[in-house]
Amino acid sequence: MDRKVKRSLEKWYENKLINLETFEEIKNFENVQAPIKSKFARIIVLVGGLFLLSGLISTLPIIWSSLEYWAQLILLISITAFLYFSAIYSEKFENKKFLIFDSVDRLSSFLFFISTISFAAVLVFSFNILTEANVLKFSQETSLIFISLLTSMYSIYLYFRNSVFLQHIAMFYSIAFFLGSNINLYAPNLETWSWGVIALIGGIIWGYNTFSKFLKPTWTGYFISSSTISVGTVVLVEDLLSNYEILAISILIFGSIVFIWLSIQITEQILFFIGGLGLLINLPRLISAILPDNVWPPLILLLIGAILVAVGLYLNSIRENIKFQLINKNNEEE
């Protein structure tokens, strides 16, 4: 039986959400459904995989340097095709189990992710060969746009086929690289703060599409969105307000507080972590800017932390007391 299922089942039984009969029925069902896995076979596969990876890393540079350019391209195409079809094949296993892996989703997702990188390498080699043969007469910037466009299309296809976090990440960064290549070609002399605005807008759009459930998994979408917004805000504020350090840091702290507030509203932990990290970085900066060369900054941080912990514990105790009173009231009414 899966450990998570077992823990949940025991927790439900201990809290009298299910009776003993139901507990045993679910337990027997899960034990029957669980695939039989040999530890010895798993060890053999793991050790064999390590030997295979070690041999590949050791021999590939030697083989690579002795190959012609066209042969290197064929090798990359073969690797890409192998990874893609291996990922498709891995999805067909019953119960979403594949030897030492917990689920096919993770294995196929990883294979698809590596195939995206390999696919991009195939495009780079193909464009280089065609350019050297004078078949294509694109500039390097234009070639990058076409390569990133085709890679984006491939990653978008894999995302809507799989919708797991690695495909989500690959899709975002391939699209970001495509847009960045276009901006670099048509507006090469942008100010630094402009890139911050672009990142800020991109992060907001990505976050909105995640909030509307168009992009999944949501934690990945919120992580990409919040981190991109954070980077964009830092670039924008630090560039435009470089002569107003206290104001710049205060805006960054306010942004971190907004992230924490949003995390509570939509119950998303990743936003809380991004906001908390921002506070952790910028609060000491603000205090040091206000009180330079002073012993008070760390003491002030300790005091603020202690007050917040005390307030949080007090609010939590109030909530538990209210909850307890409501339960007693319901019991009395029954």
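**Exercise 1. Helix α6**

Task: State which residues of α6 are buried, and compare the expected span of α6 with the distance between its end C-alpha atoms.

Solution.
- Step 1. In this predicted model, the buried residues of α6 are Ser143, Ile145, Ile147, Ser148, Thr151, Ser152, Tyr154, Ser155, Leu158, Tyr159 and Asn162.
- Step 2. The 23 residues of α6, taken at 1.5 Å a residue, should span 33 Å. The end C-alpha atoms of α6 lie 32 Å apart, which agrees with that value.
- Step 3. Just after α6 comes Ser163, with a positive phi of about 55°.

**Exercise 2. A nonpolar patch on the surface**

Task: Name the residues of the nonpolar surface patch that includes Met153, and classify Met153 as buried, partly exposed or exposed.

Solution.
- Step 1. The patch is formed by Phe138, Phe146, Leu149, Leu150 and Met153. Together these residues have about 400 Å² of accessible area.
- Step 2. Met153 belongs to helix α6, which covers residues 140-162.
- Step 3. The relative accessible area of Met153 is 49%, so Met153 is partly exposed. The exposed class requires a value over 50%.

**Exercise 3. The largest nonpolar core**

Task: List the members of the largest nonpolar core and find which element gives the largest share.

Solution.
- Step 1. The core has eight residues in all: Leu83, Tyr84, Ala87, Ile88, Leu111, Phe112, Tyr154 and Leu158.
- Step 2. Two or more residues come from each of α4 (69-90), α5 (104-132) and α6.
- Step 3. The largest share is that of α4, with four residues.
- Step 4. Phe112 is one of the core residues. Leaving aside neighbours within four places in sequence, Phe112 is in contact with Tyr84, Ala87, Ile88, Glu91, Leu158, Arg161, Asn162 and Gln167.

**Exercise 4. Helix α7**

Task: Check the span of helix α7 and list its buried residues.

Solution.
- Step 1. Helix α7 has 22 residues, 165-186, and at 1.5 Å a residue they should span 32 Å.
- Step 2. The end C-alpha atoms of α7 are 32 Å apart, in agreement with the expected span.
- Step 3. Leu166, Gln167, His168, Ala170, Met171, Phe172, Ser174, Ser181 and Asn182 are buried in α7.

**Exercise 5. Two residues of helix α9**

Task: For Thr220, give the burial class and the contacts away from its sequence neighbours; then do the same for Gly232.

Solution.
- Step 1. Thr220 is in helix α9. Its relative accessibility is 1%, so Thr220 counts as buried.
- Step 2. With neighbours within four places in sequence left aside, Thr220 is in contact with Phe165, His168 and Ile169.
- Step 3. Gly232 is also placed in helix α9. Its relative accessible area is 1%, so Gly232 is buried.
- Step 4. With neighbours within four places in sequence left aside, Gly232 is in contact with Gly196, Ala199 and Leu200.
- Step 5. Gly232 and Ile198 are 34 residues apart along the chain, and their C-alpha atoms are separated by 7.3 Å.

**Exercise 6. The loop between α8 and α9**

Task: Find the backbone features of Lys213 and of the peptide bond from Lys216 to Pro217.

Solution.
- Step 1. Most residues other than glycine have a negative phi, and most peptide bonds are trans.
- Step 2. Lys213 is not a glycine, yet has a positive phi of about 70°. Lys213 is in the loop between α8 and α9, and at 52% relative accessibility Lys213 counts as exposed.
- Step 3. The peptide bond from Lys216 to Pro217 is cis, with omega near -10°. Pro217 is found in the loop between α8 (192-211) and α9.

**Exercise 7. The salt bridge**

Task: Count the salt bridges, and say which residues pair and where they sit.

Solution.
- Step 1. With a cut-off of 4 Å between the side-chain nitrogen and the carboxyl oxygen, the count is one salt bridge.
- Step 2. The partners are Glu238 and Arg285, whose closest N and O atoms are 3.2 Å apart.
- Step 3. The pair links distant parts of the chain, 47 residues apart: Glu238 is in helix α9 (residues 218-240) and Arg285 in helix α11 (residues 269-290).
- Step 4. Glu238 is partly exposed at 28% relative accessible area, and Arg285 is partly exposed at 29%.

**Exercise 8. The whole chain**

Task: Describe the secondary structure and the burial of the protein chain.

Solution.
- Step 1. The chain has 12 helices and zero strands.
- Step 2. Of its 334 residues, 27% count as buried.
- Step 3. The accessible surface comes to about 22,600 Å², and 69% of this surface belongs to carbon and sulfur atoms.

Note on methods. Residues are numbered from 1 along each chain as its sequence is written. This is a predicted model: local features need pLDDT of at least 70, side-chain atom pairs count only at pLDDT 80 or more; totals for chains, interfaces and linings use all residues. Side-chain values use heavy atoms; hydrogens and water are left out. Buried means under 20% relative accessible area, exposed over 50%, partly exposed in between (1.4 Å probe, protein chains only). The expected span of a helix is 1.5 Å times one less than its number of residues. Patches are made of residues with over 30% relative accessible area and no salt bridge: like charges are joined within 9 Å, nonpolar side chains (Val, Leu, Ile, Met, Phe, Trp, Tyr) within 5 Å. Accessible areas come from the Shrake-Rupley method with a 1.4 Å probe; for residues, only the protein chains shown count as cover. A nonpolar core is a set of buried Ala, Val, Leu, Ile, Met, Phe, Trp, Tyr and Cys residues joined through side-chain atoms within 4.5 Å. Contact means heavy atoms within 4.5 Å.
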